[in-house]
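Biologist: Please show me the model. I will ask about its parts in turn.
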Amino acid sequence: MARVYNFSAGPSMLPESVLKKAAAEMLDYERSGQSVMEMSHRSKVFDKIIKDAEALVREIMNVPDNYKVLFLQGGGSTQFAMIPLNLMNKNNKADYIITGQWAKKAYKEAARYGDVKAVASSEDKTFTYIPKTDKSMFREDADYVYICLNNTIYGTVYHELPDTGDIPLVADISSCIMSEPLDVSKFGLLFAGAQKNLAGAGVTIVIVREDLIGNAMDITPTMLDYKIHADAGSLYNTPPCYTIYIAKLVMEWIKNEVGGLEKMKERNEKKAKLLYDFLDSSELFKGTVVAEDRSLMNVPFVTGDTELDAKFVKESTEAGLVNLKGHRTVGGMRASIYNAMPYEGVEKLVEFMKKFEAENK
Ligand SMILES: *Cc1c(COP(=O)(O)O)cnc(C)c1O
């Protein structure tokens with residue numbers, strides 16, 4: 001069996017021990033005589049899986065008691081509508097910071113439902129930095145302020161959160177969930193599609209402060225009302241059972257094998273440092289993001305020559321380092337080095353880059 005190092009932005013690598021456990025449990029989950037894929041979501045066995053998964057989210061992320069943890073479908077993108085429908089409910093206003101395509105999509109979707117303002121943007125420089133904001137830039141009567149915490153396509157991250165005063169802060173954490181500690185109490189709502197750091201595609205985790213739900217707009221479809229899902233313990237309809245089970249295994253890996261989010265952060269910093277240090281010393285490759293806003297998860301880089309970039313992508317693929325092609329709006333390459341990417345994967349990548357640089361001077 002030859003497994004590759006997969007640098008895809010998502011879906012992405014899962015810990016090998018998780019895949020092995022899932023394989024071992026495929027035909028008979030804990031003596032139930034069935035796969036988790038086959039069992040009723042109303043069964044006792046599955047009820048324990050989803051309750052354990054929620055408990056793990058709460059424990060690992062240190063979620064305060066006045067927050068609901070929901071397992072929903074529709075990906076991160078459905079949250080772009082669900083958030084305004086549920087939260088833009090007092091003054092019908094929300095402020096957005098535009099740090100890339102995902103934030104922009106969220107902004108455009110929200111604009112269908114109310115008075116939405118883009119208070120800052122880094123589009124002038126192809127989103128290579130996080131724009132500075134201060135409290136005075138936000139409208140006092142905004143129902144929430146929206147950010148995308150880690151920008152998957154452009155490789156930027158907020159190292160410091162914007163100060164929004166009393167206005168609830170909402171953040172898309174799809175590409176950085178559980179990659180390092182995060183103070184949940186600073187947010188009104190957090191959400192993440194699972195397919196980057198937690199499981200396969202299919203489940204979206206929403207962590208929302210209780211006082212923000214229960215006031216959805218009248219036009220809100222039942223399935224897009226947080227309250228409906230919160231009241232039903234994420235079992236209003238059939239949830240993505242198997243993906244929730246995989247997320248549970250990944251969280252057990254984070255808790256038991258990695259040792260929690262402080263340790264996860266150390267691992268991620270060590271991996272990212274190896275790659276960034278090389279980029280800073282290379283004469284051929286260059287990182288595209290300003291140093292102070294660099295992401296630990298997504299690392300875009302270029303040679304400055306599109307033909308050489310294409311050659312790099314082709315040859316790295318042949319070497320078992322796959323999905324390094326950059327997003328079409330940035331060009332070049334992007335290495336996504338999520339939680340499950342082992343240190344050796346980044347070592348192999350840097351070795352390969354050194355060799356490529358020597359051969360293509
Ligand atoms: C991948 C991604 C999304 C979109 O997620 P889907 O589950 O495909 O809808 C949204 N935001 C960020 C930051 C992402 O990385």
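Biologist: Which domains does the domain assignment give for the chain?

Modeller: This is a predicted model, so local features need pLDDT of at least 70, side-chain atom pairs count only at pLDDT 80 or more, and totals for chains, interfaces and linings use all residues. Residues are numbered from 1 along each chain as its sequence is written, and side-chain values use heavy atoms, with hydrogens and water left out. The bounds come from an automatic or database domain assignment. The assignment gives domain 1 (17-257) and domain 2 (260-359).

Biologist: How far apart do the C-alpha centres of domain 1 and domain 2 lie?

Modeller: The two domains are in contact (heavy atoms within 4.5 Å). On one side are 28 residues of domain 1, on the other 25 residues of domain 2. Between the C-alpha centres the distance is 27 Å.

Biologist: What area is buried between domain 1 and domain 2, and which three residues of domain 1 supply the most?

Modeller: Buried area is the accessible area (1.4 Å probe) that two parts lose on being put together, summed over both. Here that area is about 2200 Å², with 55% from carbon and sulfur atoms. Of the area that domain 1 buries against domain 2, 21% comes from three residues, more than from any other three: Ile153, Pro181 and Trp253.

Biologist: Which helix gives the most to the shell around the ligand?

Modeller: A residue is near the ligand if one of its heavy atoms lies within 4 Å of it. The ligand is surrounded by 13 residues, with Ser77, Thr152, Asp172, Gln195 and Lys196 the closest. Helices are DSSP runs (H or I, at least four residues), numbered from the N terminus. With four residues, the top contributor is helix H3 (residues 75-87).

Biologist: How much of the ligand's accessible area does the protein cover?

Modeller: Take the polar contacts (pairs of N or O atoms within 3.5 Å). Oxygen atoms of the ligand lie 2.9 Å from a backbone N or O atom of glycine 76, 2.6 Å from a side-chain N or O atom of serine 77 and 2.7 Å from a polar side-chain atom of lysine 196. Accessible areas come from the Shrake-Rupley method with a 1.4 Å probe. Of the 380 Å² that the ligand has on its own, the protein covers 87%.

Biologist: Where is proline 11 found, and is its peptide bond from glycine 10 cis or trans?

Modeller: Proline 11 is in the loop between strand S1 (5-6) and helix H1 (16-24). Strands are DSSP runs too (E, at least two residues). Omega from glycine 10 to proline 11 is near -10°, and the bond is cis.

Technical notes
Polar contact = N/O pair within 3.5 Å; in protein donor to acceptor, adjacent residues only side chain to side chain.
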